[in-house]
Amino acid sequence: MTVVTLGAHILDVLARPVEGIPDGQGTVVVDEIRVTAAGAAAGTAVALARLGNEVISVGAIGDDDLGDLLVTIMARNGVDATGLVRRTADQTSTSILPIRPDGGRPSFHVPGANLTLTTGAVGPGLLAAARFVHLGGPDVTFGLNDPAFFEMLAAARRTGTVVTMDPLSAMPDLLAGAAAFLPHVDHFLPNEEQAAAMTGESDPEKAAAALLTQGPRTVIVTLGADGSLVATAGEVHRLPVPPVEVVDTTGCGDAYCAGFITGLAHGKDVLEAARWGTAAAATVAQGLGSDACLTGLDAVLALLK
Ligand SMILES: Nc1ncnc2c1ncn2[C@@H]1O[C@H](COP(=O)(O)OP(=O)(O)OP(=O)(O)O)[C@@H](O)[C@H]1O
Ligand SMILES: [Mg+2]
């Protein structure tokens with residue numbers, strides 16, 4: 001298996017355009033409603049598969065209809081979903097996203113089974129057998145904040161597995177917990193708000209520098225429409241976004257991670273891999289949902305020309 005995505009699995013239900021909740025029992029006809037496999041592990045898994053990678057995803061979802069749908073979507077996209085454990089006491093994590101005409105994306109969210117993921121769900125030897133392990137949302141899958149899991153990561157890295165990580169939430173308490181994973185991470189990709197919450201530095205360059213002292217050799221801070229900042233020991237680069245017509249930026253962070261990992265898997269250096277991430281994210285921004293417009297690697301890389 002090339003990549004193991006491990007962490008948050010969310011079913012996204014999206015509608016656009018939505019200007020507000022109608023009064024009373026009012027109905028508003030919208031252009032489009034979609035359902036996607038999302039969350040920092042599942043969304044990245046689907047994007048990785050679309051970009052041609054072999055992916056197995058590990059997480060916790062409910063033993064409910066939402067979970068069945070999530071598994072179906074992942075499997076249809078070519079993701080191996082056999083690493084998902086099903087919970088009876090917790091529902092599948094789900095978000096409802098009414099996307100504004102300007103692309104703004106408020107959400108209603110149930111954390112559900114994501115909060116129940118523990119080390120026991122991770123098959124023995126699975127991480128060490130992968131070229132890449134992507135920790136998606138360690139701030140919400142805090143059951144993995146466990147010495148036994150950290151030993152699994154350490155053992156995998158000793159045999160050459162590369163570990164990437166992307167947080168999910170914007171909650172300082174949860175993000176503080178994610179810091180425990182950093183010594184076991186090669187490349188860390190928070191957004192600006194998450195980097196600030198984890199370091200107390202509102203300047204992304206200073207936040208990246210502070211995060212680099214905690215273990216990772218690369219910190220990429222994503223800056224929404226302002227692109228991203230790629231920081232390694234002694235070097236900082238800013239990557240702008242290509243000009244695209246933006247419809248909805250849901251999942252852009254996940255697509256960025258998928259493009260970045262795909263670049264590394266193709267032997268690219270960190271900066272070039274970040275360009276691949278930028279292109280994958282800009283692709284997804286052009287439609288509704290975390291997998292929008294992502295047809296394959298060639299179309300994504302064409303955006304860089
Ligand atoms: N309006 C946009 N146009 C083009 N690219 C964009 C736009 N917004 C975001 N991106 C790309 O997506 C990347 C990630 O976006 P952002 O910083 O919003 O991530 P995020 O908040 O983590 O998103 P997610 O909710 O998917 O995790 C950016 O670094 C940029 O490359
Ligand atoms: Mg993100």
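In the predicted model, the side chains of Arg-217 and Asp-186 meet in a salt bridge, with a distance of 3.3 Å from N to O. Arg-217 lies in the loop between α7 (204–212) and β11, whereas Asp-186 lies in the loop between α5 (172–178) and β10 (187–188), so the pair ties together parts that are 31 residues apart in sequence. The two partners are covered to unlike degrees: Arg-217 is partly exposed, with a relative accessible area of 48%, while Asp-186, at 7% relative accessibility, counts as buried because the limit for that class is under 20%.

This pair belongs to a wider set, as the count of salt bridges in the model comes to 8. Among them is the contact between Asp-291 and Arg-34, in which the closest N and O atoms are 2.7 Å apart. This pair links distant parts of the chain, since Asp-291 is placed in the loop between α9 (270–284) and α10 (297–302) and Arg-34 in strand β3 (residues 32–38), with their positions 257 residues apart in sequence. Asp-291 is buried, its relative accessible area being 9%, whereas Arg-34 counts as partly exposed at 25% relative accessibility.

A further salt bridge is formed by Asp-291 with Arg-50, where the distance from N to O is 2.9 Å. Here the loop between α9 and α10, which holds Asp-291, is joined to helix α1 (residues 42–50), which holds Arg-50, so the pair ties together parts that are 241 residues apart in sequence. Arg-50 is partly exposed, with a relative accessible area of 24%. Through shared partners, the salt bridges join Arg-34, Arg-50 and Asp-291 into one network. In general terms, side chains of opposite charge can pair when their charged atoms come close.

With regard to the chain as a whole, the secondary structure comes to 10 helices and 13 strands. The radius of gyration is 18 Å, close to the 19 Å that the globule rule gives for 305 residues, so the chain is as compact as a globular protein of that length. Taken along the principal axes, the C-alpha atoms fill a box of roughly 55 × 45 × 40 Å. Of the 305 residues in the chain, 53% are buried.

Two patches on the surface were also identified, one negative and one nonpolar. The negative patch is formed by Glu-192, Glu-193, Glu-201, Asp-203, Glu-205 and Asp-226. One of these residues, Asp-226, has its place in the loop between β11 (218–222) and β12 (228–232), and this residue is exposed, with a relative accessible area of 63%. The nonpolar patch consists of Ile-21, Ile-96 and Phe-108, which together have about 350 Å² of accessible area. Within this group, Ile-21 is found in the loop between β2 (10–16) and β3; at a relative accessible area of 71%, Ile-21 is exposed, because the limit for that class is over 50%.

Terms used. Residues are numbered from 1 along each chain as its sequence is written. Chains are lettered from A and ligands numbered from 1 in the order in which they are written. This is a predicted model: local features need pLDDT of at least 70, side-chain atom pairs count only at pLDDT 80 or more; totals for chains, interfaces and linings use all residues. Side-chain values use heavy atoms; hydrogens and water are left out. Patches are made of residues with over 30% relative accessible area and no salt bridge: like charges are joined within 9 Å, nonpolar side chains (Val, Leu, Ile, Met, Phe, Trp, Tyr) within 5 Å. Accessible areas come from the Shrake-Rupley method with a 1.4 Å probe; for residues, only the protein chains shown count as cover. A salt bridge is a side-chain nitrogen of Lys or Arg within 4 Å of a carboxyl oxygen of Asp or Glu. Lys and Arg count as positive and Asp and Glu as negative; His and the chain ends are not counted. The place of a charge is taken as NZ of Lys, CZ of Arg, CG of Asp or CD of Glu. Helices (H or I, at least four residues) and strands (E, at least two) are DSSP runs, numbered from the N terminus. Buried means under 20% relative accessible area, exposed over 50%, partly exposed in between (1.4 Å probe, protein chains only). The radius of gyration is taken over C-alpha atoms; the globule rule is 2.2 Å times the number of residues to the power 0.38.
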